[in-house]
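Hello,

Here is the structure I promised to send over. Have a look at it first, and my notes follow underneath.

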Amino acid sequence: MRWKTMLLLVIMGMTLLPIFASGEGEGPASTSPGGAEPVEITLLIDNQSPLDGLKAVAAAAEEKLGIKVTFEFRPGGPEGENYLKTRLVAGDMSDLSYFNSGSLFLALNPPQYFVDLTDEAFMDPVIATFKQVVSVNGRVYAAPAGEITAGGWFYNKKVYERLGLEVPHTWHELMANCEKIKAAGIPPIAASYKDSWTSQLILLADYYNVQRAYPDFHEDYTAHRAGFADTPAARRGFEKLREVYERGFLSPHPASTTYENALLMLANGEAAHYPMATVALANLQAVAPDKVSDIGFFGQPGDDPSDHGVTIWLPAGLSIWKGSHHIDEAKRFLAFFLSQEGLDTYMRAQKPFGPFPIQGISLPDDIFPATRDLLSYIDAGKTAPALEFISPIKGPNLPQICVEVGLGLKSPVDGAREYDRDVEKQAKQLGLPGW
């Protein structure tokens with residue numbers, strides 16, 4: 001598919017290192033359980049990430065490799081991050097852990113807790129850009145756990161068709177669509193601030209527009225030469241978050257609405273939009289499998305209709321705990337997971353919501369319509385990386401700050417100022433120059 005070529009351009013746009021690692025991928029280690037009892041390994045994952053694909057691979061691994069994966073669950077968002085950090089510090093960690101790549105992963109101090117995967121053959125086909133966002137001093141500490149995702153806006157195509165709306169290509173057009181939807185008696189935007197991490201999407205998905213207006217913002221932000229409060233293009237994300245609240249576009253009871261509730265509202269046409277990442281397609285399929293094809297996707301628009309793009313996230317990573325008694329089995333599981341056989345198993349159980357950051361892996365023809373919408377941006381080269389992949393700093397309290405701005409409890413500029421203070425502690429912990 002053409003997206004593979006354009007993914008190269010996406011990564012080049014990230015100003016990161018060369019695209020694909022050299023060498024062909026190797027298949028899983030050839031192992032037969034030989035009738036012996038399977039070896040059990042544990043995998044800690046948040047309780048909101050899609051699981052059908054991972055579970056299918058785990059079931060295949062038990063049959064093929066004699067390795068049984070037992071899943072352990074933690075909350076998502078900051079609560080889950082603190083839970084994971086506590087277990088690491090206590091020396092009571094699962095054999096494998098599923099966690100963000102990028103700045104949040106690097107803040108865990110991976111060399112202290114996780115096995116170095118740099119020289120493992122199963123990492124050869126993983127693209128260099130993913131390796132970079134899970135690396136410290138050139139050593140790699142996680143394997144990709146899934147697909148590349150994008151942040152933007154889901155929309156209910158049936159609502160759009162009924163009201164005669166077109167996909168907006170500017171923020172002004174999006175707001176005009178919301179006015180028409182509101183006038184028709186439908187909440188224009190599902191808001192699920194009960195799960196605070198979902199409150200960040202309007203801000204984070206705006207980074208394509210920030211980068212177009214201020215290409216060096218990530219460098220100046222990292223060096224403490226620019227912040228969200230004093231940079232109009234960056235502050236605009238907070239302003240958009242507040243604007244949809246002030247114009248009465250949010251669904252009822254946003255503070256008590258959960259992520260799953262919001263997905264159902266979108267699927268049922270009880271809300272027309274949901275600002276979210278495409279990873280949610282897997283969850284949408286789980287809660288409303290007969291309606292997922294009614295959902296489309298577009299990137300968060302800026303002000304130029306000829307430059308409508310999308311913000312891209314690399315997938316979470318799977319890391320092996322250094323203290324595990326089953327490091328070899330965990331490596332064999334990762335080798336199987338990243339192989340063509342493993343990912344074919346994954347995609348049969350869970351339709352992909354984006355391309356995999358692994359050389360040579362093709363998507364099936366029956367992908368979600370919204371995934372096809374995402375690929376159209378990649379084909380057009382209209383992408384930018386999320387800030388957390390080109391800067392090592394991301395403040396831990398951003399979800400709470402976004403909830404306060406999104407519910408009108410704090411002004412956009414005050415939210416931006418608080419976030420600038422929020423990242424300062426992390427920047428100092430990382431020893432970044434200029435802080």
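A cut-off to start with: a residue is called buried under 20% relative accessible area, exposed over 50%, and partly exposed in between. This is a predicted model, so please read everything below in that light.

By that cut-off, Ser 256 is partly exposed, because its relative accessibility is 48%. You will find Ser 256 in the loop between helix H12 (232-246) and helix H13 (259-267). If you want a sense of distance, its C-alpha atom is separated by 40 Å from that of Val 115, which is 141 residues apart from Ser 256 along the chain.

Now to the sheets. An open one has five strands in the order E2-E1-E3-E11-E6, with mixed pairing. Strand E2 (67-74) and strand E6 (143-144) stand at its edges with a single partner strand each, so one side of each has no neighbour in the sheet. Helix H2 (residues 52-65) packs on this sheet and touches E1, E2, strand E3 (96-99) and strand E11 (317-320), its direction making about 155° with that of E2. Helix H3 (residues 77-90) lies across E1, E2 and E3, and runs at about 125° to E2. As for the pairing of E2 itself, strand E1 (residues 39-46) joins E2 in the parallel sense over eight bridges, and Asp 46 stands opposite Arg 74 in E2.

Elsewhere, strand E9 (residues 295-299) is worth a look. Five of its five residues are buried, so E9 is largely enclosed by the rest of the structure. Both of its faces are covered, with Ile 295, Phe 297 and Gly 299 buried on one side and Gly 296 and Phe 298 buried on the other. Strand E7 (residues 149-156) runs antiparallel to E9 and is joined to it by five bridges, with Gly 152 opposite Gly 299.

Helix H14 (residues 280-287) belongs in the same picture: its buried residues pack against E7, H13, strand E8 (273-277), E9 and helix H17 (369-380). Ala 280, Leu 281, Ala 282, Asn 283 and Leu 284 are buried in H14.

Last, the cysteines. How many disulfides does a search of the whole structure find? The search finds zero. Cys 178 is in no disulfide, and the nearest cysteine sulfur to its own, that of Cys 402, is 18 Å away. Cys 178 is buried, with a relative accessible area of 0%. Cys 402 is likewise buried, at 0%.

Best wishes

Note on methods:
Residues are numbered from 1 along each chain as its sequence is written. This is a predicted model: local features need pLDDT of at least 70, side-chain atom pairs count only at pLDDT 80 or more; totals for chains, interfaces and linings use all residues. Side-chain values use heavy atoms; hydrogens and water are left out. Helices (H or I, at least four residues) and strands (E, at least two) are DSSP runs, numbered from the N terminus. Buried means under 20% relative accessible area, exposed over 50%, partly exposed in between (1.4 Å probe, protein chains only). Two strands pair if DSSP finds at least two bridges between them. Contact means heavy atoms within 4.5 Å. Axes are lines fitted to C-alpha atoms, for helices over the stretch in contact, and angles run from 0 to 180 degrees between N-to-C directions. A disulfide is a pair of cysteine sulfur atoms within 2.5 Å.
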